Amino acid sequence: MAPLQVHVKHAGKTLDVNLDTSLPPAVFKDAVYQVTGVPPERMKVMIKGGVLKDDTDWKKVAPKAGQTFMVIGAAGELPKPPEKPIVFLEDMDESEIAEALSLPVGLKNLGNTCYMNATVQAMRAIPELQTALSTSPHLDVLPRALRDLYSNMSRTTEGYIPNAFLTVLRQVVPQFGEIDRSGKNGMLGGYAQQDAEECWTQLANGLKEVPGIDATGNTLTGGRRFVDQFMMAEMRRELKCDEAPEEPSTVMIEKVLKIECNISATTNYMHTGIKDAMNSQLEKNSPSLGRQAVYSQTSRLSRLPSYLTVHMVRFAWRRDIGKKAKIMRKVKFASEFDALEVVTDELKSKLTPVSSRLKSIEKERGERRKVRKRTKVVQEASSSSRPAEENTDVEMTPASEVPGDLEEESVYRARELQELEALADADLKNDYGCSVTGLYDLVAIVTHKGAEADAGHYIGFVKKSVFHAKSGDGPAFDEDDEDWYKFDDDKVSVFPKEKLGTIDGGGEDASAYVLLYRSKPLA
């Protein structure tokens with residue numbers, strides 16, 4: 001339903017506002033705030049029979065186009081407009097578009113909303129999600145707000161103000177509307193800082209009803225959901241009693257949105273922290289012994305999704321100070337992750353043939369790129385060394401000095417795909433959205449900067465190649481370009497791959513907190 005054009009009356013002025021009855025009243029209040037300066041927490045919007053509340057059903061209000069709402073409340077400072085007016089792509093010429101598209105857009109910080117900004121940017125590294133959101137005819141309020149946010153971000157070149165999405169997020173997840181109570185003399189501040197990992201989890205949970213898609217990008221009707229397809233792993237947990245080996249073990253299968261990397265005093269690498277989290281001990285009542293006993297729990301992944309999330313457990317509760325504290329330890333994370341070490345034996349047997357061959361093929365691709373680069377250098381050197389004089393004899397470079405004689409890369413890729421398709425397990429290929437290789441590339445990171453769990457600053461990082469997917473339009477993206485985009489709210493910059501090691505942790509500076517890995521494709 002198209003938004004209604006209504007009026008609000010405040011302080012003797014009548015102002016125009018759009019009202020979308022498919023969105024909660026909190027979104028309308030935010031729109032009123034934009035024109036009146038009355039903060040939603042101090043605002044009363046009068047309707048027939050009382051005051052508009054955040055959970056009021058618009059059907060009962062039955063607003064009409066042109067209707068006037070009375071607004072009561074003291075105005076504060078109006079939201080500041082962007083320093084530069086927002087310009088949409090359709091209003092630019094070709095040169096302006098080329099310049100604008102060189103960097104993706106950032107998101108304005110609306111007061112301790114860096115946790116949301118970094119999370120939203122990292123989720124942009126899942127292009128299939130945007131496809132699912134844009135093709136589904138029926139979406140709940142949060143997925144619809146995320147769809148609109150991504151759509152608006154793709155149409156502008158300036159830092160985007162995510163007011164509508166933030167309002168919906170706080171409506172759906174009330175904890176994100178918590179007020180900061182750490183002000184001086186007990187005074188309340190603005191909205192409190194939140195945890196980006198929790199935001200990631202809440203967003204993923206809010207997307208659970210989004211329909212899945214097939215290989216052509218069409219919505220699956222009555223089939224699996226997108227999150228189950230592309231983001232959900234399955235974990236097999238086996239529990240054995242250490243003190244009673246004869247006691248039968250118990251096995252359970254659990255769906256998980258992320259795997260955890262525990263950080264101890266000896267953890268130096270991400271993969272060891274993941275293994276530690278998957279091999280643990282606990283105490284519980286033993287039915288065979290009739291008392292508390294020590295059990296060993298072994299967890300292994302029985303399904304790998306296309307997008308695997310790793311949570312670096314950097315915050316732990318400290319009893320001595322009564323709050324969460326950050327674990328500063330430096331832990332190296334991998335830009336490529338081989339998940340075969342943390343899967344069940346059954347899944348490992350299915351993944352190993354294609355995984356081993358893909359590793360060899362990637363080495364061959366790297367060698368071909370080197371040969372092509374050397375060939376290009378030799379050819380350019382040969383052409384640039386020719387004298388300008390027309391009558392001067394030019395000694396041509398012998399063909400044998402040009403390293404290699406290769407076919408078109410597409411020829412090799414077609415052969416490789418055919419070979420890998422034959423090696424891929426049939427059950428895994430039928431499970432569209434799972435990983436058929438078990439090998440992953442790191443494509444997005446959310447970092448935390450600071451020493452406290454309830455404070456600090458979050459920044460998002462997304463690999464450049466995510467925004468330059470293969471297509472027939474425009475120049476081809478250089479496969480050797482391993483650089484990243486850094487999203488520090490609305491400040492977007494290129495982050496060289498050589499600097500990834502600076503966000504391993506080891507201090508109060510930015511430390512990797514949530515990592516998103518994408519399964520390596522067969523093609």
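Which residue in β10 is the bridge partner of C241? It is Y295, and the legends below place this pairing among other close-up views of a predicted model.

**Figure 1. Strand β6 and its pairing with β7 and β10 in the predicted model.** Strand β6 covers residues 233-241 and is joined to strand β10 (residues 291-303) by eight bridges, the two running antiparallel. One of the residue pairings between them is that of C241 with Y295 of β10. Seven bridges connect β6 to strand β7 (residues 250-256), again with antiparallel strands; here M252 of β7 is the bridge partner of R237. The side chains of β6 alternate along the strand. A233, M235, R237, L239 and C241 point to one face and are buried, whereas E234, R236, E238 and K240 point to the other face and are not buried.

**Figure 2. Charged ends placed over tyrosine rings.** Y295, the partner of C241 in β10, has the charged end of K284 over its ring, 4.6 Å from the ring centre. A second arrangement of this kind involves R368, whose charged end sits over the ring of Y412 at 4.3 Å from the centre.

**Figure 3. An open, mixed sheet of five strands with helix α1 across it.** The strand order is β2-β1-β5-β3-β4. Strands β2 (13-19) and β4 (50-51) form the edges, each pairing on one side only. Strand β1 (residues 4-10) runs parallel to strand β5 (residues 68-72), and three bridges join the two. Within this pairing, T68 of β5 is the bridge partner of H7. Helix α1 (residues 25-36) lies across β1, β2, β3 (44-47) and β5, and it runs at about 145° to β2. Ring pairs also link F28, W58 and F69 into a cluster.

**Figure 4. The largest nonpolar core and a further core apart from it.** The largest nonpolar core comprises 59 residues, and M123, F165, M231 and Y458 are those with the most contacts inside it. Helix α4 (residues 114-123) contributes the largest share of this core, seven residues. With neighbours within four places in sequence left aside, F165 is in contact with M116, V120, L142, A145, L146, L149 and L203. Another core lies apart from the largest one and has 46 residues, including C261, M278, L304 and V331. In soluble globular proteins, nonpolar side chains tend to be buried together.

**Figure 5. Two of the twelve aromatic pairs in the structure.** The ring centres of F315 and Y513 are 5.2 Å apart and their planes stand at 75°; the pair is therefore edge-to-face, since planes over 60 degrees apart fall in that class. F315 belongs to strand β12 (residues 315-318) and Y513 to strand β19 (residues 511-519), so this pair ties together parts that are 198 residues apart in sequence. Both F315 and Y513 are buried. The pair formed by F467 and F487 is tilted, at 6.1 Å centre to centre and with 45° between the planes. F467 lies in the loop between β16 (457-463) and β17 (484-488), while F487 lies in strand β17, so the pair ties together parts 20 residues apart in sequence. F467 has 26% relative accessibility and therefore counts as partly exposed. F487, by contrast, has 2% relative accessibility and therefore counts as buried, the cut-off for that class being under 20%.

Technical notes:
Residues numbered from 1 in each chain as written. Predicted model: local features only at pLDDT ≥ 70, side-chain atom pairs only at ≥ 80, totals over all residues. Heavy atoms only, no water. Pairing = 2+ DSSP bridges. Helix = DSSP H or I, 4+ residues; strand = E, 2+ residues; numbered from the N terminus. Contact = heavy atoms within 4.5 Å. Axes fitted to C-alpha atoms, helices over the stretch in contact; angles between N-to-C directions. Core = buried A, V, L, I, M, F, W, Y, C linked by side-chain atoms within 4.5 Å. Buried < 20%, exposed > 50% of the residue type's maximum accessible area, 1.4 Å probe, protein only. Phe/Tyr/Trp six-rings, centres within 6.5 Å; stacked < 30°, edge-to-face > 60°. Lys NZ or Arg CZ within 6 Å of the ring centre and 35° of its normal.
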